[in-house]
Amino acid sequence: MTPVCPFVKAARPDDATSRKPNECPHKHQLELEGKGKKDSGDSASTKKDSVDAASISPKCPFGYDSQTFKLGPLSCMICQALLFESSKCVPCSHVYCKACISRFKDCPLCGADIEKIEADMNLQNTVDRFIEGHGRIKRPHVNTDSEEVVGDNKTVIYEDVSLERGAFLVQHAMRAFRANNVESAKSRLSICAEDIRGQLEKLGNTSELCSQLGAVLGMLGDCCRATGDAGSAVTYFEESVDFLRKLPADDLEITHTLSVSLNKIGDLKYYDGDLEAARSYYSQSLDVRRNAIKDRSNVPSQILDVAVSLAKVADVDRNVGNEDVAINGFEEAIKLLESLTLSSEEAGLEQRVRFLCLI
């Protein structure tokens, strides 16, 4: 089963196919708006155009657009995400995320000894403004029920959160998380979650938004689990489950994500010693996976998911003394694994099957 990011979507209808790679996606829209105002002969158009031009730039000076995640002057060279808690090495003045550079005694870029590390608040403020421009895009808008007046009496409307800027924030969060810069990842994901919640208030529980928020909350749960904050992790995973359960059960990717979140809650309860709660969550995950496999009994990934959940439930039964029930669960899991016939494209699943057969 190929993972599908809930933020990956086709280009919007107003995206010009001829747009250059580094060109702001709203440039053509602004040009058309400006042309329309000019043709109307409105005497106030010149003044209004100058206000609009001041509120949004048609092109990013760093060459980014909403679908570009390249490294740049505002990136940390260690985690390769946007700087978080920007910190400058003394004496070489190279800048990294605080969490990243704190693991080094020598500057990774130039090799100079690090005498001390100083916070670079000016640069971090620039990064934060950069995120506001790319991660939380605003554009001029007139005569709309959802418009909002901000500083300098400029009227703006928030762009659709569910498309490019969600992907922008998640991409940088994933980069930071992979580099063990967990606080940076949490910061970006929290912004994304906040924006999606705002969209949910306006549009209701649409499948698209519930899917996205469920995914982001699950990633926030992973961040908390990585830092040892089990309580917050469970809270995020439980909320993720609530949103994912609002979605159609025929989507394999959503079903898998839902069952994984339930298993993660079960794991946290298991390691906390609450075996009864752990079994409850493992059983819920098993039910989700059994329902998914009813009409897809020939999908190897679905069969493997059921086998994993059976093994988790059986493991709890073994620990609480229900050995006969545990044996039945393990035997059913083994039969499912033995029934798998994997193609060459599913070599990754084969390794997981062998591992499960050993435990």
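These notebook entries record what I looked up in a predicted model.

**Entry 1. Salt bridges, overall count**

I began with the charged side chains. The count of salt bridges comes to 8. I then followed individual pairs, including those around Asp-222 and the one between Asp-317 and Arg-279.

**Entry 2. Arg-225 and Asp-222**

I looked up the pair Arg-225 and Asp-222, whose side chains form a salt bridge with an N to O distance of 3.6 Å. I located both residues in helix H7, which covers residues 207-226. They are 3 residues apart there, about one turn of the helix.

I next checked the exposure of each partner. Arg-225 has a relative accessible area of 35% and is partly exposed. Asp-222 has a relative accessible area of 16%, and I therefore list Asp-222 as buried, the cut-off being under 20%.

**Entry 3. Asp-222 and Lys-264**

I asked which further residue forms a salt bridge with Asp-222. The partner is Lys-264, and the closest N and O atoms are 2.8 Å apart. Asp-222 belongs to helix H7 and Lys-264 to helix H9 (residues 252-271), so this salt bridge ties together parts that lie 42 residues apart in sequence. I noted that Asp-222 and Lys-264 are both buried.

**Entry 4. Asp-317 and Arg-279**

I then turned to Asp-317 and Arg-279, whose side chains meet in a salt bridge at 2.6 Å, N to O. This pair links distant parts of the chain, 38 residues apart. I placed Asp-317 in helix H11 (residues 300-319) and Arg-279 in helix H10 (residues 275-293).

I also compared the two accessibility values with the classes. Asp-317 stands at 2% relative accessibility and is therefore buried, since buried means under 20%. Arg-279 stands at 30% relative accessibility and counts as partly exposed.

**Entry 5. Shared partners**

I returned to the pairs to look for shared partners. Asp-222, Arg-225 and Lys-264 are joined into one network by salt bridges that share partners.

**Entry 6. Backbone at Pro-91**

I turned from side chains to the backbone. The peptide bond from Val-90 to Pro-91 is cis, and its omega is near 15°. I found Pro-91 in the loop between strand E1 (86-90) and strand E2 (95-97).

**Entry 7. Positive phi at Glu-85 and Asn-180**

I looked up residues with a positive phi that are not glycine. Glu-85 is one of them, with a phi of about 55°. I located Glu-85 in the loop between helix H2 (45-55) and E1. Its relative accessible area is 43%, and Glu-85 is partly exposed.

Asn-180 likewise has a positive phi, about 65°, although it is not a glycine. I located Asn-180 in the loop between helix H5 (164-178) and helix H6 (182-203). Asn-180 has a relative accessible area of 52%, and I therefore class it as exposed, the cut-off being over 50%.

**Entry 8. Asn-181**

I asked whether Asn-181 is buried or exposed. Asn-181 is buried, with a relative accessible area of 1%, whereas Asn-180 is exposed at 52%. I found Asn-181 in the loop between H5 and H6.

I then listed its contacts, leaving out residues up to four places away in sequence. Asn-181 touches Cys-79, Cys-97, Ala-99, Cys-100, Arg-103 and Ala-176.

Technical notes: Residues numbered from 1 in each chain as written. Predicted model: local features only at pLDDT ≥ 70, side-chain atom pairs only at ≥ 80, totals over all residues. Heavy atoms only, no water. Salt bridge = Lys/Arg side-chain N within 4 Å of Asp/Glu carboxyl O. Helix = DSSP H or I, 4+ residues; strand = E, 2+ residues; numbered from the N terminus. Buried < 20%, exposed > 50% of the residue type's maximum accessible area, 1.4 Å probe, protein only. Contact = heavy atoms within 4.5 Å.
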